[in-house]
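Colleague: Got a minute to walk me through this model? I'd like to start with one helix and then zoom out.

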Amino acid sequence: KLGLTHGLGDAQTERMQQWITMAFCLTVILTFSIYLCIMEGWSFIDSLYFTFVSFTTIGFGDLYPSSTSTDFHIIFIFFLILGLISLGTVIEAQTDNFGRLLSTISSSCDCLCKGRCFGGGQREQAEA
């Protein structure tokens, strides 16, 4: 809807939504990383690493917050949920882009190979 109100086409609207989603996800990641730097006294790289590992649900366990404050835990859970949602949205958008890329490559190959690629010619020979 955002792009349509500004007179953008479907492709431009989709691209703009992807940029907004990625910017939001990066903002959440950076904000949570800075929060961990301040609250846990970690370096920014450690905080960024922990944030990425947490948001992707990998959870190696090599870093973990030592704070026992209830407020910290509430904020921590809020950021984890927000991060999971935003990162999942970015991954979904990029999966759609990758699917379109594969479709384009596949249609180009069909045009160039005329059915001889990927065993197409073998089927024709077997049927004859």
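Colleague: So how many residues does α3 have, and how far does it reach?

Modeller: Helix α3 covers residues 44-55, twelve in total, and spans 16 Å from first C-alpha to last. That is close to the 16 Å expected, where the expected span is 1.5 Å times one less than the number of residues. Helices here are DSSP runs (H or I, at least four residues; strands are E, at least two), numbered from the N terminus.

Colleague: What should I know about where the numbers come from?

Modeller: It's a predicted model, so local features need pLDDT of at least 70 and side-chain atom pairs count only at pLDDT 80 or more, while totals for chains, interfaces and linings use all residues. Residues are numbered from 1 along each chain as its sequence is written, and side-chain values use heavy atoms, with hydrogens and water left out.

Colleague: Fine. Which residues of α3 are buried?

Modeller: Ser47, Phe50, Thr51, Val53, Ser54 and Phe55. Buried means under 20% relative accessible area, exposed is over 50%, and partly exposed lies in between (1.4 Å probe, protein chains only).

Colleague: And what does Thr57 do just after α3?

Modeller: Thr57 takes a positive phi, about 60 degrees.

Colleague: Zooming out, how many helices and strands are there?

Modeller: Five helices and zero strands. Of the 128 residues in the chain, 25% are buried.

Colleague: Which residues have the most contacts inside the largest nonpolar core?

Modeller: Cys25, Phe32, Leu36, Phe50, Phe55, Phe72 and Phe76, out of 14 residues in that core. α2, α3 and α4 (70-113) each supply at least two of its residues, and α2 gives the largest share, six. A nonpolar core is a set of buried Ala, Val, Leu, Ile, Met, Phe, Trp, Tyr and Cys residues joined through side-chain atoms within 4.5 Å.

Colleague: What is Phe32 in contact with?

Modeller: Skipping neighbours within four places in sequence, Phe32 contacts Phe50, Thr51, Phe55, Phe76 and Phe79. Contact means heavy atoms within 4.5 Å.

Colleague: Switching to Ser33: buried or exposed?

Modeller: Buried, at a relative accessible area of 0%. Ser33 sits in α2 (residues 10-40) and touches Phe44, Ser47, Leu48 and Thr51, not counting residues up to four places away in sequence.

Colleague: Last one: why does Ile20 count as partly exposed?

Modeller: Because its relative accessibility is 42%. Ile20 is also in α2, and its C-alpha is 9.8 Å from that of Val90, 70 residues apart in sequence.
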